[in-house]
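Reader: Hi! Could you walk me through the aromatic rings in this one, and then a loop residue I'm curious about?

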Amino acid sequence: MNKVILMGRLTRDPETRYSQGGSEPLNITRYSLAVNRRFKKEGEPDADFINCVAFRKNGEFAARFFKKGMMVAVTGSLQIRNWDDPQTNQRKQFTEVIVDDQYFAESKASFEARGGSQGTSAPAQRPAPSYRENDGPPADIPPDFFIDQELSDDDLPF
């Protein structure tokens with residue numbers, strides 16, 4: 001069985017590239033997680049840096065919503081790629097996790113409170129319009145636009 005479960009912070013924003021693998025382009029999104037070790041010996045690092053690769057919808061999701069510093073949880077499988085380096089004539093290895101599922105492991109408010117949204121390309125938040133229900137919709141909302149129920153942050157899928 002080849003199953004990996006990780007939780008850590010993104011060391012950089014995800015990077016997406018496209019490959020012509022068939023009839024349509026395949027997106028490949030890569031990111032790295034800093035995963036804390038349970039036990040640390042003196043003089044050794046206290047985190048491991050794990051490379052992750054997400055394809056298709058998982059890749060689109062990571063590219064759109066993940067930012068450097070976020071705590072995320074990942075499940076997937078371990079893959080080891082081997083190749084011969086022509087410059088040194090040595091056999092090389094590269095280990096990465098192929099992502100099956102990925103989740104936010106902290107709230108958006110917690111991430112932003114740590115200063116996580118600064119320096120990213122996230123759009124600026126517009127304050128919500130304030131009006132009483134009996135006043136009708138604000139002027140910047142078309143009259144034929146009605147919201148049947150209020151949504152909270154808990155209702156959103158991300």
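Reader: So how many aromatic pairs does the count come to?
Author: Five aromatic pairs, where rings of Phe, Tyr and Trp (its six-membered ring) pair if their centres lie within 6.5 Å. Planes under 30 degrees apart count as stacked, over 60 as edge-to-face and the rest as tilted. Tyr-31 and Phe-66 are edge-to-face, because their centres are 5.8 Å apart and their planes at 80°. That pair links distant parts of the chain, with Tyr-31 in strand 3 and Phe-66 in the loop between helix 1 and strand 5. Helices (H or I, at least four residues) and strands (E, at least two) are DSSP runs, numbered from the N terminus.

Reader: Before I go on, where do these values come from?
Author: This is a predicted model: local features need pLDDT of at least 70, side-chain atom pairs count only at pLDDT 80 or more, and totals for chains, interfaces and linings use all residues. Residues are numbered from 1 along each chain as its sequence is written, and side-chain values use heavy atoms, without hydrogens and water.

Reader: Thanks! Are Tyr-31 and Phe-66 buried or exposed?
Author: Both Tyr-31 and Phe-66 are buried. Buried means under 20% relative accessible area, exposed over 50%, partly exposed in between (1.4 Å probe, protein chains only).

Reader: And which residues do ring pairs link into a cluster?
Author: Tyr-31, Phe-61, Phe-65, Phe-66 and Phe-104.

Reader: Now that loop residue: what does Ala-105 touch?
Author: Leaving out residues up to four places away in sequence, Ala-105 touches Met-7, Met-71, Val-72 and Ala-73, with contact meaning heavy atoms within 4.5 Å. Ala-105 lies between strand 6 and helix 2, and is partly exposed at 31% relative accessibility.
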